[in-house]
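The following exercises concern helix packing, strand pairing and burial in a protein model. Please work through each task before reading its solution.

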Amino acid sequence: MPPSPRLSRPLLGLLSLGLALTMAQAQEPAGYLQPSTAIRQVLDAPVPPRPWVSPDQQTLALLDIRPYPSIEELARPVLRLAGLRFEPGPGTPQPLQVLQRLRLRALSQPDAPERTIELPPGGAFHSFAWAPDGQRFVLERRTEQANELWVGDTASGRLRPIAGLKLNNALGQGEQAWLNPQELVVLTVARRGPPPRPAPRPAVQEASGKPSPERNYADLLQSPHDEALFEYHGRAQMVQVNIATGALRELGEPALYSSVSSVGAPGTPQYLLTERLARPFSYDLTWDDFPTVVEVRSREGRVLKELTRMPMRKGVAIDGVLVGPRVYYPSPSKDAAIYWIEALDGGNSNARVPFRDRLMRLDPPFTGEAREVQRMPHRFTQLRFLDDGQQALLTETDRNRAWVRTYLLPLNGTQSKPLFEYAQRERYRHPGVPLMRTLLNGHNVIRTSPQGDIYMLGAGAKPKGEQPFLDRLSLRDGLSSHAFQSSETVYEQPLALLDGNRLLLSRESPTEPPNIFLRDGTGLHALTQLRDPTPILRRIHREFVSFKRADGVEMSFWVNLPPDYKEGERRPTLVWSYPLEFNDPTLAGQISGATSRFARYSGLAPQLLALDGFVVLSEATMPVVGDIRSINDGFVEQITMNARAILDKAESLGYTDPKKVAVGGHSYGAFMAVNLLAHTDLFKVGIARSGAYNRTLTPFGFQSERRSLWDARETYLRLSPLLYATQIKEPLLLIHGEADNNSGTAPLQSERLYHALAGLGGTARFVSLPYESHGYAARESVGHVQWEMSHWLRQHLGDPRP
């Protein structure tokens, strides 16, 4: 049987990283190229473990996650169907966040040694999760043909597989519904025969005469064979697993389950809330917009009531919602109610109505009528239950003001009251997010104090830098007080509030790497003792700089000076940025980050180019201020104003050679960079990674743009630098993942811009990264991208070292 046309191609020999076009190739070795030794050492340095406190607050898990997969792993056969990417054998998404090492540490005995859990060889372990009581934990292991469930004992550290179980994560995305600390419901591979064979048939799409403004999505279904494959691999069986005994019990019938949740508390009548996909499927939408049947079931899987059949999300206005019930929430408490949202504006966010959404509630035995709990003047955003079982936090967003408001909501239907509100882009006065805890049914709920207060975790952004905090927020009067706040010189980030007011936190400084500490009445106790994995980064001089652009809007960037930089030198400089929209100029100047932090960078970070001798101005703010409904009409003028302010400030500092400055960015930052090259002469060279350069290919909106191409034709055309390719005189490096699945940034965007520049006699280089998506993952790809950027800057700006 020939291979499916939807499978990604296998890796064959050395991989070429440019298109076989008319581009003039430099004489360089075939295959992947390595960055400088200094950058390679940073890329290969170990990363800090991820901490995860058990629900009973007795144990700290330290997860060492593999930083990069290999290109061979990305080249494994993958199905790309309905917006999903998964391996057909084990049914797991790709790439996985593979667990390399797992360690446990007792929090009741800070001085006790940590224990390493032995991970058996063979396959790839991933998806660690605590059981709700913390006495056990679960892991998944991907092999060539199955995705297994393993159970670990916290006390002994023993790890064992659940025999006879093959998980199905193709569609369920690792859905797990805990009933109690010993039992959970998982989705497994349904009984099935061989996969469907390709049968050539016409693929037909038809418009019904109604508007259907769909965004551009990747990996959509394209044929009846794709539909059959999607159904074959997505079909799953619900199975109840006893992780203590290994006993298995099938629940209900196989279906395309997209969500499974438990309803109610252990020891009381419990139910299951399931969502399953139904035909017809779409060739224009991803799987999560397909028709969905929502059902409440008995604990044994029997359907008790069909709650709704949500139609396909087709024909919904930009920023609109479905008419009818949507967004279901199971109660985590003993009342076992089910909540959902309904639109009161016909799903049209432009309609002028007193109330836009309402929250509904249906109680067991689910035979009566649902009752209204709350009406909202603006669009629903989130519902979070408190652990008292009587209240919740209900959040709405006013899209025209870009404003967020959260209410304290009594679940019995009495009047709610506003608790806090803030602008969407607010940093300095952001209240933080609630501190959560896990119930015995696995649900995460907001933790309350004995006095009925809640705790809020926040970044604590301030003009002098972030100072993370843990606040105590009174639900009676809405007043908050600091339970903890980091200092200006040491960055301490709260992780968990333990019994006895003990605080688990991550602590770092410019010279100390992040380590986990336990703070109690006797002081600080180190739980980890990580050393600096990248001492060479400490030799990069980092400096935070703030300034104003011509109209007075505050701006900032971080200067990264090379280790060998000498005072008075003016070196070639790279400006790296990403535009953000603001409807309030005072918010545009609010900064994030902190000088008290230990410098760590991702593998794709432009700051690493300082190790090759370049001055790097990173995180350069690029505010675009105005009415959110028409903000892009002045996009080019505002990014030009920003760029002039950045260059003026850089020159005044004395670090930058003003005749040798490059601009770069990733995604929307790449879009910004190429527009600056097309509409200004401020920069000498550009780097654009995974961007979009022809806005007619994203005709129904992009980023914060709500208007369609036909509503704002001139804006779309002006913001398409492809149409201004004759004005791009500077050398431009284009990098794109050949499997980019981000909406709007298809690889075609970079291909067409390169073709235009090459055809017009421009200087350009296009690097297509095999198997890579919007963000590049493989060790080989990350290293090669750093080589490409450094080589391009050196080629067109000269050697940065005098």
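**Exercise 1.** Determine how the axes of helix α5 and helix α6 are placed, and which residues make the contact.

Solution. The axes of α5 (residues 635-653) and α6 (residues 668-679) come within 10 Å and cross at roughly 85°. Therefore α5 is roughly perpendicular to α6, a term covering 65 to 115 degrees. On α5, the contact (heavy atoms within 4.5 Å) is made by F635, V636, I639, T640 and A643. On α6, the participants are Y668, F671, M672, N675, L676 and H679. By class, eight of these residues are nonpolar, three are polar and none is charged.

The model is predicted: local features need pLDDT of at least 70 and side-chain atom pairs 80 or more, whereas totals for chains, interfaces and linings use all residues. Residues are numbered from 1 along each chain as its sequence is written, and side-chain values use heavy atoms, without hydrogens and water.

**Exercise 2.** Establish the strand order of the open four-stranded sheet and identify its edges.

Solution. The order is β19-β20-β21-β22, with antiparallel pairing; strands pair if DSSP finds at least two bridges between them. β19 (325-330) and β22 (371-376) are the edge strands, each pairing on one side only. Between β20 (residues 338-343) and β21 (residues 357-362) there are six bridges. I341 has L359 of β21 as its bridge partner.

**Exercise 3.** Is α9 mostly covered or uncovered?

Solution. Helix α9 (residues 779-797) has 19 residues. Of these 19, 14 are buried, meaning under 20% relative accessible area (1.4 Å probe, protein chains only); α9 is thus mostly covered. G798 follows α9 and has a positive phi, near 95°.

Technical notes:
Helices (H or I, at least four residues) and strands (E, at least two) are DSSP runs, numbered from the N terminus. The expected span of a helix is 1.5 Å times one less than its number of residues. Buried means under 20% relative accessible area, exposed over 50%, partly exposed in between (1.4 Å probe, protein chains only). Axes are lines fitted to C-alpha atoms, for helices over the stretch in contact, and angles run from 0 to 180 degrees between N-to-C directions. Angles under 35 degrees count as roughly parallel, over 145 as roughly antiparallel, 65 to 115 as roughly perpendicular and the rest as oblique. Ala, Val, Leu, Ile, Met, Phe, Trp, Tyr, Cys and Pro count as nonpolar, Asp, Glu, Lys and Arg as charged, and the others, Gly among them, as polar.
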